[in-house]
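Dear colleague,

Please find below the sequence and structure that I am handing over to you. A summary of what was found follows the display.

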Amino acid sequence: MKWLFVFLVCWNVAYAEETPPLKVGFVNPGFQHQGFWQQVSTVMHEAASQLNIQLIEVFGDRHWKKMLREGQALLTNQSLDYLVLVNEHQKAGELMRLAEKQGVPTFLLLNGLGEDDPASVYGNWKGSLIPDNHSAGREMAESLFKAHSGAGKLFTLVGDTLTPASLDRTSGLDAALALYPGVHEILRGSGQWSESVAYNKTKLLLNRETPEMVWAANDNIALGAIRALKETGVVPGKDVSVVGLNWSKEGLASVEKGELLMTHGGHFMAGAWMMVLVYDDYHRLGTAKTYNFQMSAITSRNIKKYQACFGEGRWDSIDFKRFSRTTRKKASTSPYEFSLSRMMEYARGC
């Protein structure tokens, strides 16, 4: 019996090693070598590697026509087990229909479909993973207002006026404004997710008055505002408090310098979390259709620990399999814990 036990153990190990990886396609709407979507891609590939997933990625370079073209080619040329899409420019539905014809299950990342095109009508839709942008926008605003004892002049730079992420962050800001009547919003404009646009709009405002608080929808916008403030002789972090979102390298550096009150975020980790959902769905442990996760703030209080854990992009220190339901009791019902605190807990040497 002993030799049989040894044989079975060895056979199982060999079988596990030879199990072919899942083939997952990802239509990345952004650029391969820059910006937020490069961050998403980097961490996503690390998680895929740990979970025995072959991630095949194409890029749209922020052009929806190219995104559709690349997605169509991916479905035509590859035999996929799953397809991950982002509803950029409200175009994900077209690729979902094509994937459905080919029998490929789909997941939606970061943005769901609109009310006029519900995901539930697609028989191949497995689920959506969406960050809580409303709570992030509210927490950013509350940090500003509390830093100024609930009163002062606010300059708001939203991302845009169309995308769900921007609208949800802005609705969070508005919820906080309703609770702080002492805060006076002197101007609201769109930063178009651009450092240069935010810089120019802040310069124009500073020609007539100086705010005490700047709420910026992402780090790029916040950094553009900070550049304009400094050129005008206003000291960010002293004369004016600024908040952003993205956990970008530049945003983190600005927090360290004391110029940025906080960078909220962590949603670039969503690509890694999506690999966990795909892995669990394949092992029949997925139960919900829509998964929401909270983002977290990085401030002067936790910036040193974050940099010690993950500075220079040490994402390989995280054991992504520990986020999977395959590692937990009551796996089919246990909630996912996609958070900064869990990232630190599951990282080696953190």
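**The sheet containing strand 6 and strand 8**

Strand 6 (residues 152-158) and strand 8 (residues 213-216) are paired in the parallel sense, with four bridges between them. Within this pairing, threonine 156 is placed opposite tryptophan 215 of strand 8. Please note that the model is a predicted one.

These two strands belong to an open sheet of six strands, ordered 7-6-8-9-10-12, in which the pairing is mixed. Its edges are formed by strand 7 (183-190) and strand 12 (296-298), each of which pairs on one side only. On average, and with direction ignored, neighbouring strands of this sheet are turned by 20° against each other. Helix 9 packs on the sheet, where it touches strand 10 and strand 12. The direction of helix 9 makes about 145° with that of strand 10.

**The parallel sheet**

There is also an open sheet of six strands with the order 2-1-3-4-5-11 and parallel pairing. Strand 2 (53-59) and strand 11 (290-293) are the edge strands here, each pairing on one side only. From one strand to the next, the twist averages 20°.

At one of these edges, strand 11 pairs with strand 5 (residues 125-131) in the parallel sense over four bridges. Isoleucine 130 stands opposite asparagine 292, which lies in strand 11. As general background, the strands of a sheet pair through backbone hydrogen bonds, in either a parallel or an antiparallel manner.

Which strands does helix 10 lie across? Helix 10 (residues 270-282) lies across strand 1 (22-28), strand 2, strand 3 (82-85), strand 4 (106-109), strand 5 and strand 11. With respect to strand 4, helix 10 runs at about 155°.

**Aromatic pairs**

The count of aromatic pairs comes to 16. One of them joins phenylalanine 268 and tryptophan 315 in an edge-to-face arrangement, with 5.5 Å from centre to centre and 65° between the planes. This pair links distant parts of the chain, the two residues being 47 residues apart. Phenylalanine 268 is in the loop between strand 10 (262-265) and helix 10, while tryptophan 315 is in the loop between helix 11 and helix 12 (340-345).

**Pockets**

The largest pocket has a volume of about 1,400 Å³. Its lining consists of 44 residues, and those nearest the centre are Gly35, Phe36, Trp37, Gln39 and Asn246. By class, this lining comprises 17 nonpolar, 20 polar and seven charged residues.

Which helix supplies the largest share of that lining? Helix 2 does, with seven residues. At least two lining residues are supplied by each of helix 2 (35-50), helix 6 (164-177), helix 8 (219-231), helix 9 (249-257) and helix 11 (303-310). Helix 9, described above as packing on the mixed sheet, is thus also among the helices that contribute to this pocket.

The second largest pocket has a volume of about 300 Å³. It is lined by 13 residues, of which Thr19, Pro20, Asn52, Tyr282 and His283 are the closest to its centre. The lining of the second largest pocket is made up of seven nonpolar, four polar and two charged residues.

**The cavity**

In general, rolling a probe the size of a water molecule over the atoms shows where empty space is left. How many cavities of 30 Å³ or more does a search of the whole structure find? The search finds one cavity of that size, and the largest cavity has a volume of about 60 Å³. Among the 13 residues lining the largest cavity, Gly266, Gln294, Phe338, Ser339 and Leu340 are the closest to its centre. The lining of the largest cavity has eight nonpolar and five polar residues, with no charged ones.

With kind regards

Conventions:
Residues are numbered from 1 along each chain as its sequence is written. This is a predicted model: local features need pLDDT of at least 70, side-chain atom pairs count only at pLDDT 80 or more; totals for chains, interfaces and linings use all residues. Side-chain values use heavy atoms; hydrogens and water are left out. On a 1 Å grid over the protein atoms alone, a cavity is a set of points where a 1.4 Å probe fits but cannot get out, and a pocket is an open set with protein on both sides within 12 Å along at least five of seven lines; lining residues have an atom within 4 Å of a point. Grid points are joined across faces, edges and corners, and a volume is the space filled by probe spheres set on the points. Ala, Val, Leu, Ile, Met, Phe, Trp, Tyr, Cys and Pro count as nonpolar, Asp, Glu, Lys and Arg as charged, and the others, Gly among them, as polar. Two strands pair if DSSP finds at least two bridges between them. Axes are lines fitted to C-alpha atoms, for helices over the stretch in contact, and angles run from 0 to 180 degrees between N-to-C directions. Contact means heavy atoms within 4.5 Å. Rings of Phe, Tyr and Trp (its six-membered ring) pair if their centres lie within 6.5 Å; planes under 30 degrees apart count as stacked, over 60 as edge-to-face and the rest as tilted.
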